[in-house]
Structures are given as structure tokens and as C-alpha cells.
Amino acid sequence: MLRALLERGIVPDVLIGTSAGALNASVIAARPNSDGVERLTATWEKLRGEDVFPGGRLSRAWNLLTRDDHLFDNDGLRALMANDDTPETFEELRIPLRVVACDLDTGEEVVFAAGPLEPALLASSALPGLFPPIRHDGRLLVDGAVVDTVPLSHALAGPVDRVFVLSIAGELLNRPLRSPIDVAIRAFAISRKQRFELELRNVPEGVDVVVLPAPHDDREVTDFSEPLELIDAAYDLARQALDDAEAERRRRAALRRPWWRRSAG
């Protein structure tokens, strides 16, 4: 999706992300060009499920028996962010970034836009029960998807004429339930669908919201196999969606012109 946007010269004024979307957005915020897309592609291509969800059934059972607050350490997530030239703070990014997390004590939606980058990203992707909550900025934080999987409202908060939504959350509703992780992800997807549809109905007049479609993906949440096939499929779908959106944009612009100008051109 990102490749299709950048190829058309569509560079965002601001990036807003939740969970894995925040991780991806941080890379593009630092490198808003083809280099950033290639870095993401290389990262997802080499990633394996055990990198993010380490340990086997015995270690997970032990965590449950010892009443720990998570099944997996977040070392794999930290490794995803590790890079010699990765900015350490929001202020060093080339494009402003907003990262959404959830305060586990109050239930509040928390948006980070300044300060250290790593704890905000770890908090935004800390799936409750799976990864440890993150203590940051005086709060106990978990995955932003608990409250806002697709943070459209934040994109509409300032002066804006177009919003591009790069979400795969809709596909999560269709995945088979094969593990407790699948159940948790499905629950987030249900919450996301209801809130996102409500926010779409309240988009201000004059603002275009372009939702790029996700390719079909029935893998388990811990399965990171065949990423390039999905990336290529998403690219093709995004190109077509952007062509359709541009055609619709021109059609509406033509209808707004006086009739004598329409007939002339």
C-alpha cells in the first residue's frame, strides 16, 4: 500500500498508527520514500513467528501458572525497531507521527507525538495478555487496538482534505479461530469495525477518505510465512483503489463546475 502511494507522489503530512501499524508508520516517518518501503519489505520478509512470539507451549503454560501478566517477552518487538540509524525520538522524524495506545488503568486512549519513540511503539503494540504492559509517561499502557484500531478521528482533527486508510483489520474478522491469540485479535477487529464505521459516517464534507483494501489472508496471527505474496497482492489492490479514487475525485469536481464549463471540457 505504501509503495503504491509513494509511486504516485503521495507523501503524507502526518502519519497515525496503532499496534503494528505504528511500527510501520515509524519507519516511513523516518524515511518517507522508496528506501523506507524497501526496509519494511526486508523486515517483514525475514520475520518469523518465533521472532515475535518466542517459546513453546510449555513456556506459555509456565507463564500462566506463575501468574505473570504476559505470555511472551517483547524482545522480538524491540529487535524489530533496532537499527543503527533509527531515530530515538519523535522530534527526529522527518514526518510527524502519532502513536495510539491505551491506558490500562483508566481505559483512556493515549496519543504520543513527542518524546522517546521506543516506549510509545512498544506500548502501542503490547497486545494485552500476550506482551507485557509498558510503563511510560506515568501510565500503564497496552495495545492501542483495544480502543482504536483505525485512528481515523485523529487524522480528521486538523486541517485536512484527504485521508488514506491502510488497514488490514477487516481481514481479521474472517480468519479461523485456531488459538487464544486468534480470539483476542477477532475481538479487536469487531470493536474496530463498529468504531470505524461510525467515524466514517461523521467525516466532514469536503474530506476524501480513501480506504485501501487488504488482500485475503487466512494465516494464523503467529504465522509470518509468504509475506512477499501478500505484499504484492496488496500493492495491486492499492493501485486499482487509488485509480478508482482519483477517477471519482475528478467526477465530483466536474459536477461542481457550472454546466457551461462542463460541456466545454
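In this predicted model, Ser-19 counts as buried, with a relative accessibility of 17%. The cut-off for burial is 20%, and Ser-19 falls under it. Its place is the loop that runs between strand E1 (15-18) and H2. The backbone of Ser-19 has a positive phi of about 60 degrees, although the residue is not a glycine.

Glu-226 also has a positive phi without being a glycine, here of about 50 degrees. Glu-226 sits in the loop between E7 and H11. Glu-226 is exposed, with a relative accessible area of 55%. For the exposed class the area must be over 50%, so Glu-226 belongs there.

The strands come next. E1 pairs with E2 in the parallel sense, over four bridges. Within this pairing, Ile-16 stands opposite Arg-98 of E2. Strand E2 (residues 97-103) also pairs with E3, in the antiparallel sense and again over four bridges. Ala-101 stands opposite Val-110 in E3. Val-99 faces Phe-112 of E3 in the opposite position. A hairpin is formed by E2 and E3, with five residues between them. Gly-107 lies in the turn and has a positive phi of about 80 degrees. E2 has a further partner in strand E5 (residues 139-143). That pairing is antiparallel and extends over three bridges. Asp-103 stands opposite Leu-141 in E5.

How enclosed is E2 by the rest of the structure? Six of its seven residues are buried, so E2 is largely enclosed. Strand E3 (residues 109-112) has two faces, one covered and one uncovered. Val-110 and Phe-112 make up the covered face. Glu-109 and Val-111 make up the uncovered one. The two covered residues are those that stand opposite Ala-101 and Val-99.

Aromatic contacts were searched over the whole structure, and one aromatic pair was found. The rings are those of Trp-44 and Phe-224. Their centres lie 6.0 Å apart and their planes meet at 20 degrees, so the pair is stacked. The angle is under the 30 degrees that stacking requires. The pair links distant parts of the chain, 180 residues apart. Trp-44 belongs to helix H3 (residues 34-46). Phe-224 lies in the loop between strand E7 (208-212) and helix H11 (227-256). That loop also holds Glu-226. Are the two ring residues buried or exposed? Trp-44 is partly exposed, with a relative accessible area of 25%. Phe-224 counts as buried, at 14% relative accessibility.

Another ring takes part in a contact with a charged side chain. Arg-3 lies over the face of Tyr-235. The distance to the ring centre is 5.8 Å.

The second largest pocket holds about 420 Å³ of space. Its lining comprises 22 residues. Closest to the pocket centre are Val-27, Thr-43, Leu-80, Met-81 and Ala-82. Which helices each supply at least two residues of the lining? They are helix H2 (20-30), H3, helix H6 (75-81) and helix H7 (117-124). H3 gives the most, with six residues. H3 is also the helix that carries Trp-44 of the stacked pair. By residue class, the lining divides into 14 nonpolar, five polar and three charged residues.

A last contact in space involves Leu-177. This residue lies in the loop between helix H9 (169-172) and helix H10 (180-201). Leu-177 is partly exposed, with a relative accessible area of 49%. That value is not over 50%, so Leu-177 does not count as exposed. Leu-177 and Glu-220 are 43 residues apart in sequence. In space their C-alpha atoms are 8.5 Å apart.

Notes: Residues numbered from 1 in each chain as written. Predicted model: local features only at pLDDT ≥ 70, side-chain atom pairs only at ≥ 80, totals over all residues. Heavy atoms only, no water. Phe/Tyr/Trp six-rings, centres within 6.5 Å; stacked < 30°, edge-to-face > 60°. Buried < 20%, exposed > 50% of the residue type's maximum accessible area, 1.4 Å probe, protein only. Lys NZ or Arg CZ within 6 Å of the ring centre and 35° of its normal. 1 Å grid on protein atoms, 1.4 Å probe; cavity = no way out; pocket = protein on both sides within 12 Å on 5 of 7 lines; lining within 4 Å. Points joined across faces, edges and corners; volume = space filled by probe spheres on them. Nonpolar A, V, L, I, M, F, W, Y, C, P; charged D, E, K, R; others polar. Pairing = 2+ DSSP bridges.
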